[in-house]
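User: Can you walk me through this model? I'd like to start with one residue and work outward.

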Amino acid sequence: VQPNNYSTFYDDQRQNWSIMFESEKAATDFSKQVCIAKCNSFPVLDSVLYQDLLPGEGPGVEGGDSLEIAYTGWLFQNNGLGQVFDSNVNKDKLLRLKLGSGKVIKGWEEGMMGMKKGGRRYLVIPPAWAYGAQGVAGRVPPDSTLVFEVEVKRVKLVKECSGSDGQSVSSRDSPAPSPVPSSDGFSAD
């Protein structure tokens, strides 16, 4: 997935292709279907599948970073999306989590690595990486594969250092310098 409603991919002969979609929604819908098709092509899904829907900006998140997430979760049934079992999209509160803390299912920890602020991603999580044989009473049946659409709304990166004024400055989240032409004709960036 690329900015401005583009997607690029390689075919079986390693030839590069690009597709431009008419709208963000069309690009997102196509990307969701690609992820579901990938899932259905595996006889047994034994790891987390993910597909970016929007790339986001800035550095990719790593273990220890704190995130605020908007999400919707579906049961994966009959080779596609089943019923929604959880969502915070129309609620006032975002989910706060620290990657690597073990407070969310293993599939989220794995599937969200590398996401960027403002990025949206589709995750397909097999039972072993979700709630396993126990499920969640009344919401997630045992041995369920789950699909999540997650969006990173806010990021606080763990790698911080102290600036000269004593304030905390993130070493991975600082804005890039603006490309100002220098006297030799090259940008300062």
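**Glutamate 68 and beyond**

Analyst: Start with glutamate 68, which counts as buried at 15% relative accessibility. Keep in mind that this is a predicted model.

User: Which strand is glutamate 68 in?

Analyst: Glutamate 68 sits in strand E4.

User: What does the side chain of glutamate 68 pair with?

Analyst: The side chain of arginine 154, through a polar contact of 2.6 Å.

User: And which residues is glutamate 68 in contact with, leaving aside neighbours within four places in sequence?

Analyst: Leu94, Leu95 and Arg96 make one run. Glu151, Val152, Lys153 and Arg154 make another.

User: Zoom out for me. How many helices and strands does the chain have?

Analyst: It has 2 helices and 10 strands. From the N terminus, the order is β-β-α-β-β-β-β-α-β-β-β-β.

User: What share of the residues is buried?

Analyst: Of the 189 residues in the chain, 34% are buried. The accessible surface is about 11700 Å², with 49% of that belonging to carbon and sulfur atoms. Take the contacts with a separation of 6 or more: 58% of them join residues 24 or more positions apart.

User: Now the largest nonpolar core. Which residues touch the most other members?

Analyst: The core has 22 residues, and the ones touching the most other members are Ile69, Trp108, Met112, Ile125, Phe148 and Val150. Strands E4 (66–77), E7 (120–125) and E8 (146–156) are the elements that each give two or more residues to this core. In general, nonpolar side chains tend to be buried together in soluble globular proteins.

User: Pick valine 150. What is it in contact with, outside four places in sequence?

Analyst: Valine 150 is in contact with Ile69, Ala70 and Tyr71. Trp108, Met112, Met115 and Gly119 are also among its contacts. Arg120, Arg121 and Leu123 complete the list.

User: What about the second core?

Analyst: That is a separate core of 11 residues. Its members include Leu45, Leu53, Phe76 and Val124.

User: Back to acidic residues. Is glutamate 149 buried or exposed?

Analyst: Glutamate 149 is buried, with a relative accessible area of 15%. Its place is in strand E8.

User: Which side chains make polar contacts with glutamate 149?

Analyst: Lysine 32 does, at 2.9 Å. Arginine 120 does too, at 3.2 Å. Beyond four places in sequence, the contacts of glutamate 149 also include Leu53, Thr72, Trp74 and Tyr122.

User: And glutamate 109, where is that?

Analyst: In helix H2, residues 106–111. Glutamate 109 counts as buried at 11% relative accessibility.

User: What does the side chain of glutamate 109 reach?

Analyst: The backbone nitrogen of glycine 100, at 2.3 Å. Leucine 99 is 10 residues from glutamate 109 in sequence, and their C-alpha atoms are 5.9 Å apart. Leaving out residues up to four places away, glutamate 109 touches Lys98, Leu99, Gly100, Ser101, Gly102, Lys103 and Val104.

User: Switching to cysteines. How many disulfides are there?

Analyst: The count is 0. Cysteine 35 is in no disulfide, and the nearest cysteine sulfur is that of cysteine 39.

User: Why no bond for cysteine 39?

Analyst: Because its sulfur is 7.2 Å from the closest cysteine sulfur, in cysteine 35, and that is too far for a bond. The cut-off is 2.5 Å between the sulfur atoms.

User: Are those two cysteines buried or exposed?

Analyst: Cysteine 35 is buried, with a relative accessible area of 0%. Cysteine 39 is buried as well, at 7%.

User: Last topic, the N-terminal end. How do strands E1 and E2 pair?

Analyst: They pair in the antiparallel sense over 5 bridges, E1 being residues 6–10 and E2 residues 16–20. Phenylalanine 9 has tryptophan 17 in E2 as its bridge partner. The two strands form a hairpin with 5 residues between them.

User: Which residue in that turn has a positive phi?

Analyst: Arginine 14, at about 65°. Most residues other than glycine have a negative phi.

User: What about phi for asparagine 4 and asparagine 5?

Analyst: Asparagine 4 has a positive phi near 60°. For asparagine 5 the value is positive too, near 65°. Asparagine 4 lies in the segment before E1, and asparagine 5 also lies there.

User: How exposed are they?

Analyst: Asparagine 4 counts as exposed, at 65% relative accessibility. Asparagine 5 counts as partly exposed, at 22%.

Terms used
Residues numbered from 1 in each chain as written. Predicted model: local features only at pLDDT ≥ 70, side-chain atom pairs only at ≥ 80, totals over all residues. Heavy atoms only, no water. Core = buried A, V, L, I, M, F, W, Y, C linked by side-chain atoms within 4.5 Å. Buried < 20%, exposed > 50% of the residue type's maximum accessible area, 1.4 Å probe, protein only. Helix = DSSP H or I, 4+ residues; strand = E, 2+ residues; numbered from the N terminus. Contact = heavy atoms within 4.5 Å. Pairing = 2+ DSSP bridges. Polar contact = N/O pair within 3.5 Å; in protein donor to acceptor, adjacent residues only side chain to side chain. Areas by Shrake-Rupley, 256 points an atom, 1.4 Å probe, with all protein chains shown as cover.
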